[in-house]
Amino acid sequence: MPVIALVGNKGGAGKTTLAVNLAAGLARHHSVAVIDADPQGSALQWRAISDDASAPPVAVAEADLQRQAITLLQDYHCVVIDCPPSVHAPQTGAVLGFGDLALIPVQPSPMDLWASVHIEQSVEEAHKLNPSLRTLLVINQLEPRTTLSRLVRDALSEIAFPVAATAVRRRVVYRNSALQGKSVFDMGRRGADAAAEIDQLIQEVTTT
Ligand SMILES: Nc1ncnc2c1ncn2[C@@H]1O[C@H](COP(=O)(O)OP(=O)(O)O)[C@@H](O)[C@H]1O
Ligand SMILES: [Mg+2]
């Protein structure tokens, strides 16, 4: 799974959170680099406040993202790319054209689900160019006991994408770790449940 992209059509869905935490989880087994392809630069910011020299490096996006990813793959097993919050952004278009796996975080809310319908068209286009691209919606910020969250899985079945069996829950540790430039893997017992679900997501996307 050399190139994993976090894409979507909405800010706040969890692309950067998942990019950084997936990279940290993958880095426990492989060498990983992150490309921050979102001009907002949140992943770069995250890395900048980290005091952990062994955390995965975050690179500024270059004009030719594909060439940049290929170059990084000479030194790293895996490249995680954090995309801007629009499928119409040139960076997202480029990444869908060469990535292996596009993960699309969606919050369990109707607005987010509607926004993901636009992704469907863009992904269909990308498939013509890059038939091996896999796309998977990831429910993020799930609150298991709410009716909304229960309804979301049904609503998602109407969208033409597969949905990851692993959902990521809303947990304070995702925010707290980010404030310190850390991943949930660096948070000890407070991060254990989050780390377990990120590991599970990694397991799911790398083995199926
Ligand atoms: N599973 C989660 N639990 C709690 N907070 C989360 C979770 N995922 C994301 N967040 C928070 O939601 C906000 C938006 O997430 P972010 O990753 O920046 O989204 P995006 O990159 O898609 O704009 C951030 O404040 C982040 O800390
Ligand atoms: Mg972001």
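I started with pockets: the space that ligand 1 takes up is the second largest pocket. Note to self: this is a predicted model.

**Around the ligand**

Next I looked up which residues surround ligand 1. The shell holds 15 residues, and G12, K15, T16, T17 and R169 come nearest. I sorted the shell by class and got 7 polar, 5 charged and 3 nonpolar residues.

Then I asked which elements supply the shell around ligand 1. At least two residues each come from α1 (15-26), β6 (134-142), β7 (168-169) and α7 (172-179). Helix α1 gives the largest share, 3 residues.

**Polar contacts**

I went through the contacts one by one. K15 puts a polar side-chain atom 2.7 Å from an oxygen atom of ligand 1. For T16, I found an N or O atom of the side chain 2.9 Å from an oxygen atom of the ligand. With R169 the backbone does the job: one of its polar backbone atoms is 2.8 Å from a nitrogen atom of ligand 1.

How much of ligand 1 does the protein bury? Taken alone, the ligand exposes 550 Å², and the protein buries 81% of that.

**Salt bridges**

I left the ligand and searched the whole structure for salt bridges, which turned up 5. One that I wrote down pairs D112 with K10, with 3.6 Å between the closest N and O atoms. I checked where the two partners sit: D112 is in helix α5 (residues 110-129) and K10 is in the loop between β1 (3-6) and α1, so this pair ties together parts that lie 102 residues apart in sequence.

How values were computed
Residues numbered from 1 in each chain as written. Chains lettered and ligands numbered in written order. Predicted model: local features only at pLDDT ≥ 70, side-chain atom pairs only at ≥ 80, totals over all residues. Heavy atoms only, no water. Near = heavy atom within 4 Å. Polar contact = N/O pair within 3.5 Å; in protein donor to acceptor, adjacent residues only side chain to side chain. Areas by Shrake-Rupley, 256 points an atom, 1.4 Å probe, with all protein chains shown as cover. 1 Å grid on protein atoms, 1.4 Å probe; cavity = no way out; pocket = protein on both sides within 12 Å on 5 of 7 lines; lining within 4 Å. Sits in = over half its atoms within 2 Å of the grid points. Helix = DSSP H or I, 4+ residues; strand = E, 2+ residues; numbered from the N terminus. Nonpolar A, V, L, I, M, F, W, Y, C, P; charged D, E, K, R; others polar. Salt bridge = Lys/Arg side-chain N within 4 Å of Asp/Glu carboxyl O.
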